[in-house]
Structures are given as structure tokens and as C-alpha cells.
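Please walk through this protein from its overall layout down to single residues. The account below follows that order, after one term has been fixed.

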Amino acid sequence: MGVIDHISDMFDCSTGSHSKHKRRKQLQTVEVKVKMDCEGCERKVRRSVEGMKGVSSVTVEPKQHKLTVVGYVDPEKVVARVAHRTGKKAEIWPYVPYDVVAHPYAQGVYDKKAPAGYVRRVDDYQSNQLQRASSTEVRYTTAFSDENPAACVVM
């Protein structure tokens with residue numbers, strides 16, 4: 001595209017010029033949580049998304065109840081299609097690796113049902129529950145500590 005074409009597109013007010021610059025979907029990996037009990041369920045889940053337009057590869061991990069779709073797809077459409085075609089409850093993968101989270105055993109983060117090495121993803125992380133103690137609290141706590149050599153003699 002030359003300079004003149006670029007300048008003419010900038011000053012062109014017609015609605016037809018913007019339609020030729022259609023946005024392409026980005027290549028992305030979509031992870032979906034779907035309950036799978038048997039090989040039949042696994043096959044049903046795999047086939048529900050294999051025919052979708054833009055799908056490059058499909059991976060199913062039945063022990064983790066996880067479906068991974070790679071391609072030029074919309075995550076919400078993948079979830080909707082799996083739910084519609086299989087009749088199963090489907091949701092975006094709600095877990096992240098254990099190492100990524102600052103406080104993996106915090107309330108609302110730790111999940112017993114999560115696969116090994118994963119904890120629940122928390123977007124509205126409430127850091128105010130896990131704030132460090134204030135300096136006055138630390139002073140009073142350490143004043144009566146057994147590990148403090150200058151601690152109170154009353155103890």
C-alpha cells in the first residue's frame with residue numbers, strides 16, 4: 001500500500017472503505033472444563049468441536065476433565081458449542097498452576113476438586129484479607145515472643 005493510498009483512505013468518509021479491513025481472530029488456546037466419565041464422553045466432547053471453523057487441534061484430558069482447543073476461535077463460542085452438542089455443563093478452565101498464585105491456600109483460591117498442581121483462578125483477588133500486619137501489631141506480638149531475647153520478663 002503506497003503513501004497516496006494511505007492518505008486517501010484516511011480522508012475517505014465512505015463506509016465501504018472500512019469493510020475491507022476486516023479483523024481476523026487471533027490464534028489462541030481455549031481450555032474448557034467438561035465432566036467426562038468414559039471413553040464415549042471423551043469422543044463426544046472431541047467431536048463436538050472438531051468440526052468448528054478455525055479449529056487447528058483438539059486435545060482431551062479425561063482425568064482432569066479438560067478440553068484444549070487451539071485455533072482461530074472465540075472462547076465463548078467453544079464453550080457454548082460444547083454445552084449444546086454434548087448436553088454437559090461446560091465452563092472456561094477455572095484453574096491456574098499452583099506456582100502462579102501468591103497465596104495458594106487462601107480462602108477462595110484453594111479448591112479440593114482442582115487437579116493436582118492447580119488452584120482456582122481468582123480475578124477479584126481480595127488482597128485486603130491477606131495484608132501484612134501493621135507495625136504496631138508486629139511490635140506487640142514480638143514483645144511477648146519466646147524468640148525475642150529482649151522480650152518481656154513477665155513471661
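Contact here means heavy atoms within 4.5 Å. With that cut-off, and leaving aside neighbours within four places in sequence, Pro115 is in contact with Gln64, Trp93 and Tyr95. The model is a predicted one, in which local features need pLDDT of at least 70 and side-chain atom pairs count only at pLDDT 80 or more, while totals for chains, interfaces and linings use all residues. Residues are numbered from 1 along each chain as its sequence is written, and side-chain values use heavy atoms, with hydrogens and water left out.

The protein has five helices and six strands. Both kinds of element are DSSP runs numbered from the N terminus, helices being H or I with at least four residues and strands E with at least two. Along the sequence their order is α-α-β-α-β-β-α-β-β-β-α. Of the 155 residues, 23% count as buried; the term means under 20% relative accessible area, with exposed over 50% and partly exposed in between (1.4 Å probe, protein chains only). Among contacts with a separation of 6 or more, 53% come from residues 24 or more positions apart.

Next, the interior. In soluble globular proteins, nonpolar side chains tend to be buried together. A nonpolar core is defined here as a set of buried Ala, Val, Leu, Ile, Met, Phe, Trp, Tyr and Cys residues joined through side-chain atoms within 4.5 Å. The largest such core has 18 residues, and Val32, Val49, Leu67, Val69 and Val78 have the most contacts inside it. At least two residues of this core come from each of strand 1 (28-34), helix 3 (39-50), strand 2 (55-61), strand 3 (66-71) and helix 4 (75-86). Apart from it lies another core, of five residues, including Val96, Val101, Ala106 and Val109. Val69, in the larger core, touches Gln28, Thr29, Val30, Val49, Val55, Ser57 and Val78, if residues up to four places away in sequence are not counted.

How do the two helices that feed this core lie against each other? The axes of helix 3 and helix 4 come within 9 Å and cross at roughly 130°. Axes are lines fitted to C-alpha atoms, for helices over the stretch in contact, and angles run from 0 to 180 degrees between N-to-C directions. Helix 3 and helix 4 are therefore oblique to each other, since angles under 35 degrees count as roughly parallel, over 145 as roughly antiparallel, 65 to 115 as roughly perpendicular and the rest as oblique. At this contact, Lys44, Val45, Ser48 and Val49 of helix 3 meet Val78, Arg81, Val82, Arg85 and Thr86 of helix 4. By class, the contact has four nonpolar, two polar and three charged residues; Ala, Val, Leu, Ile, Met, Phe, Trp, Tyr, Cys and Pro count as nonpolar, Asp, Glu, Lys and Arg as charged, and the others, Gly among them, as polar.

Met52 is in the loop between helix 3 and strand 2. This residue is buried, at a relative accessible area of 11%. Beyond four places in sequence, Met52 touches Lys77, Val78 and Arg81. Its C-alpha atom is 8.8 Å from that of Arg81, 29 residues apart along the chain.

Strand 3 holds Thr68, which is buried with a relative accessible area of 12%. Leaving aside neighbours within four places, Thr68 is in contact with Thr29, Val30, Glu31, Ser57, Val58, Thr59 and Glu61.

In the loop between strand 2 and strand 3 sits His65. Most residues other than glycine have a negative phi, and most peptide bonds are trans. Phi of His65, however, is near 55°, a positive value. His65 counts as partly exposed at 25% relative accessibility. The C-alpha atoms of Lys33 and His65 are separated by 5.7 Å, although the two are 32 residues apart along the chain. Lys33 belongs to strand 1 and is partly exposed at 22% relative accessibility.

Pro115, met at the start, lies in the loop between strand 5 (95-97) and strand 6 (118-120). Pro115 is buried, with a relative accessible area of 14%.
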